[in-house]
Amino acid sequence: MMKNMYDVGDHVFVVRTRNSKIIVDCPVCYGDKSVIVILGNDEQVKVPCQYCKKGFNDPSGVVNSGYIEISEIVQTTITEVRKRQNYNELEITYSTPAGIYRPEQVSNTRKEAEKLGETRVEKFNKLADEKFAKKYKDHKSYSWNAGYYLNKAKQSFKDHERYSKLAEIMNSKSHHRKDKS
Ligand SMILES: [Zn+2]
């Protein structure tokens, strides 16, 4: 069944959507940009958070947790109806001054358009949530990073300062455990 057919000159409501980035605190370092790794000998090493670090940049303390889709209803007029045969299906697109839309984005009434928009946004955001949950599982190994930076710090005098800063040994255990007493 072909839903809502429109002609040139019809006044319609279209669902315009756009993606917006969701920036949240890093789920691993909680904005600290570093994490503390406790080694097997109880030594504590502070290493840069690898989860919110992008490439060669420093950790940012925040991550893009995905995209949220925002819908907006725009009233417009159809200026052109384009039909294209795609195998057995007739694909229709409507050109309007507000852009080009597919039939499922076009409606007679604002109310119906709002409903179309909600459904679309819900679907999109559910997918985005699932993607983020998956990504969170993939975070890197901190023990590996702790070892890497410690070794580098010991290796050469030239790099010593740089890597010492990255792998700051938390000698003061008492300081760390103060709040537990
Ligand atoms: Zn982080």
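Strands, as the word is used in these legends, are DSSP runs of E at least two residues long, whereas helices are runs of H or I of at least four residues, and both are numbered from the N terminus.

**View 1. Residue E72 in strand β4, with G117 as its companion in the view.** The model shown here and in the other views is predicted. E72 belongs to strand β4, and E72 counts as exposed because it has 12 C-beta neighbours inside 10 Å, the limit for that class being 12 or fewer. Although 45 residues separate E72 from G117 along the sequence, their C-alpha atoms are 7.5 Å apart in space.

**View 2. The protein chain as a whole, with its 4 helices and 9 strands.** Followed along the sequence, the elements appear in the pattern β-β-β-β-β-β-β-β-α-α-α-β-α. Of the 181 residues in the protein chain, 17% are buried. When contacts with a separation of 6 or more are considered, 64% of them in the protein chain are between residues 24 or more positions apart.

**View 3. The open sheet of 3 strands in the order β4-β1-β8.** The pairing in this sheet is antiparallel, and its edge strands are β4, covering residues 62–77, and β8, covering residues 106–107, each of which pairs on one side only. Strand β1, made of residues 11–25, runs antiparallel to β4 and is joined to it by 14 bridges. Within this pairing, which residue of β4 stands opposite K21? The residue facing K21 is Y67. As background, the strands of a sheet pair through backbone hydrogen bonds, in either a parallel or an antiparallel sense.

**View 4. The open sheet of 3 strands in the order β5-β6-β7.** In this sheet, too, the pairing is antiparallel. Strands β5 (80–86) and β7 (99–101) stand at the edges with a single partner strand each, so one side of each has no neighbour in the sheet. From one strand to the next, the twist averages 25°. Strand β6, formed by residues 89–96, runs antiparallel to β7 and is joined to it by 3 bridges, and Y94 stands opposite Y101 of β7.

**View 5. Strand β5 and its hairpin with β6.** The antiparallel pairing of β5 with β6 extends over 7 bridges, and R84 has E91 in β6 as its bridge partner. The hairpin has 2 residues between the strands, and in it Y87 takes a positive phi near 55°. Is β5 largely buried or largely in the open? Of its 7 residues, the number buried is 0, so β5 lies largely in the open.

**View 6. Two loop residues, K33 and D42, that have positive phi although neither is a glycine.** K33, which has a phi of about 70°, is placed in the loop between β1 and β2. Because 16 C-beta neighbours lie inside 10 Å of K33, this residue counts as partly exposed. D42 has a phi of about 75° and is placed in the loop between β2 and β3. With 7 C-beta neighbours inside 10 Å, D42 therefore counts as exposed.

**View 7. The largest nonpolar core, with 14 residues, and another core that lies apart from it.** Among the 14 residues of the largest nonpolar core, V47, A146 and Y149 touch the most other members. The elements that contribute two or more residues to this core are β2 (34–38), β3 (44–48) and α2 (142–155), and α2 gives the most, with 4 residues. Apart from this core lies another of 8 residues, including F13, V14, Y94 and V106. In soluble globular proteins, nonpolar side chains tend to be buried together.

**View 8. Confidence along the protein chain, with residues 172–181 as the stretch in view.** The protein chain has a mean pLDDT of 80, and 77% of its residues reach 70 or more. Over residues 172–181, however, pLDDT stays under 50, and the model has 3 contacts beyond four places in sequence for this stretch. Where pLDDT is low, the predicted coordinates should not be read in detail.

Key
Residues numbered from 1 in each chain as written. Pairing = 2+ DSSP bridges. Axes fitted to C-alpha atoms, helices over the stretch in contact; angles between N-to-C directions. Buried ≥ 20, exposed ≤ 12 C-beta atoms within 10 Å, placed from the backbone. Contact = placed C-beta atoms within 7 Å. Core = buried A, V, L, I, M, F, W, Y, C linked by C-beta atoms within 7 Å. pLDDT = per-residue confidence, 0-100.
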